[in-house]
Amino acid sequence: MTTIQHLYEIYLRHPGICTDTRKLCKGDLFFALHGANFDGNDFALRALEQGAAYAVVDKDVAPSDPRCLLVEDTLTALQALATHHRRQFDIPVIGITGTNGKTTTKELIRSVLSRKYNLLATEGNLNNHIGVPLMILRLDSSHEMALIEMGAGAPGEIHTLVEIAQPNVGLITNIGRAHLQGFGSIEGVLRTKSELPEYLYAHGGTFLLNSDDPLLVEKWGTQTALTYGQEGNYVSGKVAGHLPYLSVSVGETVVHSQLVGAYNLINILAAIAMGRYFEVPEADIYAGIEGYQPTNNRSQLVRLGDGSQLIVDAYNANPSSMAVAIDNLVDSPARHKVAILGDMLELGEATEEEHRRVLIHLSAHPEVKALLCGPCFRKVAGEAFLAFEKVEDICEYLRRHPLPSESLVLIKGSRGIALEKVLPLFCSGSL
């Protein structure tokens, strides 16, 4: 059986980590992880044939091949390897979790801190029990700090991630109704996200508190010295304008972002707070925020030739983020307001109730034309709303019923609904 120390010695010679033979590079260290419908051990020999230096396996697929490194469990070995690697670095590691805005906040902080430091930051969706160790294993001697996003869908998952990443600074963006299928309740969300500050306080770290979130304030307000928010003691700010992009006033300074939605105020203030904590010059903090341009269908504004605009926020959705996105649309002075909304996934027993809440919210704003997509919205919508089973059905409807010019269109739903498929319809001018 291969020890973690021996595995680490091999990793130092072959620091490229791969878990998918389709993305393998010559010389990589291949980890044969398990999935719901596959066993990575079945691909270990193929990985070696494709040029992997070693394959880490938990089945003895090739007893006579010294390039197959046998461990008890490949995922546990990957996590232990990352933990061992993390301990070799005496640098700041920032942990970020929360219900909404994790990735946007992380990218804003990256944009700010990278103006002063060589920073390793979470890429893509590498924020879970596999992604976090993969990111930690990308740390090298050139990095001055690391910024690690941590996602969770069930109790205990943040605890696992902080034990791997060992952050010494961190924040929770907010607490909202998401992943209720795993957490059971919003109290369950709070308990799990709080595993980050629990770790920080137990190890002498620093927690920056969102003072606009009442649940976080109730739980952590008496223990936390540094707060950010509209009335934060470390960083305070207000919305200065949000048409079309959000501007934030911080003292006498107005910061002009490229984000849509007043709900991004707290994300910007979090980035300012983290920049100040790490002594980034104030001018560089603001320049970092103003220079950040959202991607990946998160809070993006797309302008169309007929005067219409799309608010594209189709990467993720939960009841909390859906409500603030609709409010942002309602507050707009646009002549025509349209909401193309997809099902919110992973809500468990609360699924129908939460989707009905969205419909009640929309009913209070008849000026918003709603097009709903997904089996749950279709089930609860009744006759009062236009609801479609699939994105393709919405596309067909839009081809037959083009939206008027100068429309403001919100596109928001869980990633699994794939609402981004409507974008070519608008951007190609085929409507």
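Helices and strands are named here as DSSP runs, a helix having at least four residues and a strand at least two, and both are numbered from the N terminus. With those terms in hand, the reader can follow the chain of this predicted model from its domains down to single residues.

The domain assignment divides the protein into domain 1 (4-74), domain 2 (89-291) and domain 3 (300-427). The C-alpha centres of domain 1 and domain 3 lie 43 Å apart. UniProt, in an unreviewed entry, adds named features of its own, and one of these, "domain: Mur ligase central", is listed for residues 96-274. That span is 36% helix and 21% strand, and its end C-alpha atoms are separated by 11 Å. Another feature from an unreviewed UniProt entry, "domain: Mur ligase N-terminal catalytic", is placed at residues 16-61. Over residues 16-61 the chain is 13% helix and 28% strand, while the C-alpha atoms at the two ends are 22 Å apart.

UniProt also carries a "binding site" feature, again in an unreviewed entry, for Gly 98, Thr 99, Asn 100, Gly 101, Lys 102, Thr 103 and Thr 104. To find Gly 98 in the structure, look in the loop that runs between strand S7 (93-97) and helix H4 (102-113). Gly 98 has a relative accessibility of 0% and therefore counts as buried. On the other side of S7, Pro 92 sits in the loop between helix H3 (74-86) and that strand. Is Pro 92 buried or partly exposed? Its relative accessible area is 26%, so Pro 92 is partly exposed, given that buried means under 20% and exposed means over 50%. From Pro 92 to Ile 360 there are 268 residues along the sequence, and the C-alpha atoms of the two are 45 Å apart in space.

A second proline, Pro 197, belongs to helix H9 (residues 195-202). Pro 197 counts as buried because its relative accessibility is 0%. Although 27 residues separate Pro 197 from Thr 224 along the chain, the distance between their C-alpha atoms is 9.6 Å.

A third proline leads to a feature of the backbone itself. Pro 244 is placed in the loop between strand S14 (238-241) and strand S15 (247-250), and the peptide bond that joins Leu 243 to Pro 244 is cis, with omega at about -5°. These two residues come up again when the second largest pocket is examined. The volume of this pocket is about 200 Å³. Which residues are closest to its centre? Of the 14 residues that line the second largest pocket, they are Leu 243, Pro 244, Gln 309, Ser 332 and Leu 408. Strand S18 (309-313) and strand S22 (407-412) are the elements that each give two or more residues to this lining. The lining of the second largest pocket takes at least three residues from each of domain 2 (89-291) and domain 3 (300-427), and by class it has 7 nonpolar, 6 polar and 1 charged residues.

Two glutamates draw attention for their backbone angles. Glu 279, in the loop between helix H11 (265-277) and helix H12 (282-291), has a phi near 60°, which is a positive value in a residue other than glycine. Glu 346 also has a phi near 60°, positive in a residue other than glycine, and its place is the loop between strand S19 (336-342) and helix H14 (351-363). Glu 279 counts as exposed because its relative accessibility is 61%. For Glu 346 the value is 45%, and so this residue counts as partly exposed.

The cysteines come last. How many disulfides does the structure hold? The structure holds 0 disulfides. Cys 18, for instance, is in no disulfide, since its nearest cysteine sulfur, that of Cys 25, is 7.3 Å away, whereas a disulfide needs two cysteine sulfur atoms within 2.5 Å. Why does Cys 395 form no bond with Cys 373? The closest cysteine sulfur to that of Cys 395 is in Cys 373, and because the two are 8.6 Å apart, they are too far for a bond. Cys 18, with a relative accessible area of 4%, is buried, and Cys 395, at 8% relative accessibility, counts as buried too.

Note on methods. Residues are numbered from 1 along each chain as its sequence is written. This is a predicted model: local features need pLDDT of at least 70, side-chain atom pairs count only at pLDDT 80 or more; totals for chains, interfaces and linings use all residues. Side-chain values use heavy atoms; hydrogens and water are left out. On a 1 Å grid over the protein atoms alone, a cavity is a set of points where a 1.4 Å probe fits but cannot get out, and a pocket is an open set with protein on both sides within 12 Å along at least five of seven lines; lining residues have an atom within 4 Å of a point. Grid points are joined across faces, edges and corners, and a volume is the space filled by probe spheres set on the points. Ala, Val, Leu, Ile, Met, Phe, Trp, Tyr, Cys and Pro count as nonpolar, Asp, Glu, Lys and Arg as charged, and the others, Gly among them, as polar. Domain bounds come from an automatic or database domain assignment. UniProt positions are given in the numbering used here, feature names are shortened, and annotations may be inferred rather than shown by experiment. Buried means under 20% relative accessible area, exposed over 50%, partly exposed in between (1.4 Å probe, protein chains only).
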